[in-house]
Amino acid sequence: MAGPAEATSQTAQRKAFGNVLVGFALLCICVLASSVRLFSVIKYESVIHEFDPYFNYRVTRFLSEKGFYETWDFFDSFTWYPLGRVVGGTMYPGLIFTAGAIWNVLQKLNIPIHVQEVCVFTAPLFSAFCAIATYLFMKEVRGRGAGLASAAIIAVVPSYISRSVAGSYDLEAVAIFALVFVFYLYIKTLNTGSLAWATALFFGYLYMVASWGGYSFIANLLPIHCLACIVFGRVSSRLYIAYAPWVILGALAAANIPVIGFNAVLMSEHMASFFVFGLLHAALAIEYIRDMLPPRAYSAAKKLVLTFGSTALAVVLALVVSYVAASPTFGWTGRSLSLLDPTYASKYIPIIASVSEHQPPSWSSYFTDLHIASLLAPAGLLLCFRPLTDASMFLLLYGVTAVYFSGVMVRLMLVLAPAACCLAGLALSEVTAYLSASLVAAQQPGAAEAEAPSESDGGVAGKKDKSSGSSAAAAAKQAAKKAAKKGSTGASPLGLSGSWKPVPKDVAIVGLVLVFLGLSLFYRHSVYVAGEMYSAPSIVLQSRRPDGGVKVFDDFREAYAWLSHNTHPDAKVASWWDYGYQTTAMANRTVIVDNNTWNNTHIATVGRAMASPERKAWQIFRSLDVEYVFVVFGGFIGYPSDDINKFLWMVRIGGGVFPEIKEPNYLGADGNYRVDDQAGKALLDSLMYKLSYYRFADCGPMFGAPRGFDRVRNTVIAKQDFELKYFEEVFTSEHWMMRIYRVLDKPNRDARLRNPRRAKLGRRAPSKRRQPSGALSK
């Protein structure tokens, strides 16, 4: 028989081996998380994606040249002409300062790398950090097994990949890691009651606040959890240490970020934390009085405390209500109200409703973006109750609230992704531990009544006593009593305490095989989605040729390069706000509006110009000193995200400020938006229509379609032959996606003579039109 020293040595060796195994598994998960996000660089090139990342890249480039201190005072005169923008006071600096710090460290190490490459690879790097944070979070909630399973799922979940591929230099690149890391620090503080971890929570929350406006989700989720603990009688000193310092220090941290400032204490979305802060003190005061006084005195003191507390609460609520009632939105921001009331934006703030990522998701997108996590997450919600601890209650509340918000706004699928992965990882680890324990039990006689392995110890089955069935039953009974008293998280698989019944060996084998197949399909789906759906940069497009080759559409960069090389540096360029960031970053020209969307009137003015007749639009642009206007047009090649499809939002936003613009005037007689011969007269006269379809009818037959056939709307446009009097076409990209016009100083005196070829055609007999097949009609 081995002595105690040898047994201790074997236990230490097993523990060390387990730690090495977990570390190696985490390393593999991190490599997988980063590498699966590199398809965009492999298939295309190292380029910044989408629209908002171009502003972040431009400011990061400024930081690399001028330094951190100058970035706080950066005033950008190239945007929102003639107003400009105070960049340091209107941005979330977390991402930009993080990339700038990485670039500076690399420069100190004499590693020559362009700041653009740092920006491109920041998101894949932090996706690996997010996997580690997820492991740490779930380890505190339920154990190492749940942590590894959750990390393995979040590493490749498509919802997170969509905003963290190489080149996605957006705020979410670091914010999702910061979100999960703050949750880990909160649960760690809650489990340990350590002030050191409470201090770490403050710094983690400071980084989160500096990184993303989604910090308000944390600012409301933590109070909800604390309130639930109060209601269910789970108040403790550990809860106070985790929550109370965070409320005060977190508000001070948020107030020091210029873009937030005093909104950290003045806006309604932050007031829940202070309200629960008061309730927590009241609950702790009642607990303290109960421990100090006899029952009769306690009753009297409790009434006194409740009376005084209720009076004070009523006074505070009256003051808060009077303050909030003075605001038209009751102290809520427009985006927050859109989450609480999904119809609010469409009714009152069309600029928020116009953004595609602010629309509700379809049911299919849940399976596409979460896959197996959407199936396992409900089981994880149920397992949070077995047993229900403070940590598992937090995970439960996180999952429920994230599901609601993701159903309101598709962008918030990002917030749901970590919750779904953690819940799915919990279910996966418990089921795998249960099936594995059943296989072990099948190999040992009399083990059906033995104590199950602790999932928190990695789900490894413990050794069973093989002496006799009666001794095993007695041991199981004693273990059941101990587990019932302890209420630990690792009493048995699936959180069951006491005795458990393993499934038959064949069922366990089939179950494990199904788990393996499900994970295989999940990884196959995630890799496919990462490579085919979420790796394409919006600025460079690809399509397949009939022979299987690849056709690249690089019209955006072609147009921005033309603006950069063929216009003077002080030229003012107008377009819809979607393209503002790209224009300033790639063409280095001044824009009227951009993606910051802070001034609704300025954007409405551009929308009014696009929706107005040519002469009125010319007057508006001249008043803004605009020299060039460009539109994005997809009717030639079938690009659906063009300005014609966005035009109704320009009308709605412009009409919200300028009443003369009325949406019904731009619709057809049947009330539908169309560009054919049934289109509304205001649409056919609008500048957007003319800039998009100018000379378009002459190029349609090359695809074998009728003259003037729009491949996006699948119809022949109504007004085909017209001339421009106040604008002059100066550039059209190869595939007609980008069309740039110069705003003339004076109108053309005789616009009909600008195209001699069309004048000749007008005097000749009309030619026969081609049918869709390309054959001439008889």
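Among contacts in the protein between residues at least 6 apart in sequence, what percentage join residues at least 24 apart? For this protein, the figure is 72%. Hello everyone, and thanks for coming. One thing to say early: this is a predicted model.

Let me start with the overall picture. The protein has 778 residues, and buried residues make up 51% of them. In terms of secondary structure, there are 32 helices and 11 strands. The accessible surface comes to about 35600 Å², and carbon and sulfur atoms account for 62% of that.

Now, the aromatic side chains. Across the structure there are 41 aromatic pairs. Let's look at F51 and Y579. Their ring centres are 5.9 Å apart and the planes meet at 75 degrees, so this pair counts as edge-to-face. Where do F51 and Y579 lie? F51 is in the loop between α2 (39-43) and α3 (52-66), while Y579 is in the loop between β5 (572-574) and α26 (580-587), so the pair ties together parts that are 528 residues apart in sequence. Is Y579 buried or exposed? Its relative accessibility is 1%, so Y579 counts as buried, the cut-off being under 20%.

A second pair to find on your screen is Y560 with F630. Here the ring centres are 6.2 Å apart and the planes stand at 80 degrees, so this pair is edge-to-face. Y560 belongs to helix α25 (residues 555-566) and F630 to strand β7 (residues 628-632), so to speak two distant parts of the chain, 70 residues apart, that the pair links. Y560 is buried at a relative accessible area of 1%, and F630 is buried at 0%.

There is also an aromatic cluster to look for. It is formed by F137, F183, Y186, F217, F394, Y398, Y404 and F405.

Rings also turn up with charges over them. The charged end of K572 sits over the ring of Y81, at 4.8 Å from the ring centre. Over at W649, R652 lies over the face of the ring, 4.6 Å from its centre.

Let's go back to helix α3 for a moment, and to P53, which lies in it. P53 has a relative accessibility of 2% and counts as buried. What does P53 touch, leaving aside its neighbours within four places in sequence? The answer is I48, Y169 and D170. P53 and Q582 are 529 residues apart along the chain, yet their C-alpha atoms are separated by 8.7 Å.

On to salt bridges. A search of the whole structure finds 29 of them. One is between D76 and R58, with N to O at 2.4 Å. It links distant parts of the chain, 18 residues apart: D76 is in strand β1 (residues 75-76) and R58 in helix α3. Both ends are buried, D76 with a relative accessible area of 2% and R58 with 10%.

Another salt bridge joins E729 and R695, at 2.7 Å from N to O. E729 sits in strand β10 (residues 727-732), and R695 in the loop between α31 (687-693) and β8 (709-710), with their places 34 residues apart in sequence. What about the cover on each side chain? E729 is buried at 18% relative accessible area, whereas R695 is partly exposed at 28%.

Strand β10 also holds E728, which pairs with R742 of strand β11 (residues 738-743), 14 residues apart. The closest N and O atoms of this salt bridge are 2.3 Å apart. In this case R742 is partly exposed, at 31%, and E728 is partly exposed too, at 24%.

Salt bridges can join up as well: R163, D170, E172 and R411 are linked in a network. You may remember D170 as one of the contacts of P53.

Last stop, the outside. Which residues make a nonpolar surface patch of about 570 Å²? They are I509, V510, V513, L514, F516 and L517. To find the spot, look for helix α24 (residues 505-532), where V510 has its place.

To finish, back to where we began: among contacts between residues at least 6 apart in sequence, 72% join residues at least 24 apart. The pair of F51 and Y579, 528 residues apart, is a nice one to look at with that in mind. Thank you, and I'm happy to take questions.

Definitions and conventions. Residues numbered from 1 in each chain as written. Heavy atoms only, no water. Patch = residues over 30% accessible without salt bridge, like charges linked within 9 Å, V, L, I, M, F, W, Y side chains within 5 Å. Areas by Shrake-Rupley, 256 points an atom, 1.4 Å probe, with all protein chains shown as cover. Salt bridge = Lys/Arg side-chain N within 4 Å of Asp/Glu carboxyl O. Helix = DSSP H or I, 4+ residues; strand = E, 2+ residues; numbered from the N terminus. Phe/Tyr/Trp six-rings, centres within 6.5 Å; stacked < 30°, edge-to-face > 60°. Buried < 20%, exposed > 50% of the residue type's maximum accessible area, 1.4 Å probe, protein only. Lys NZ or Arg CZ within 6 Å of the ring centre and 35° of its normal. Contact = heavy atoms within 4.5 Å.
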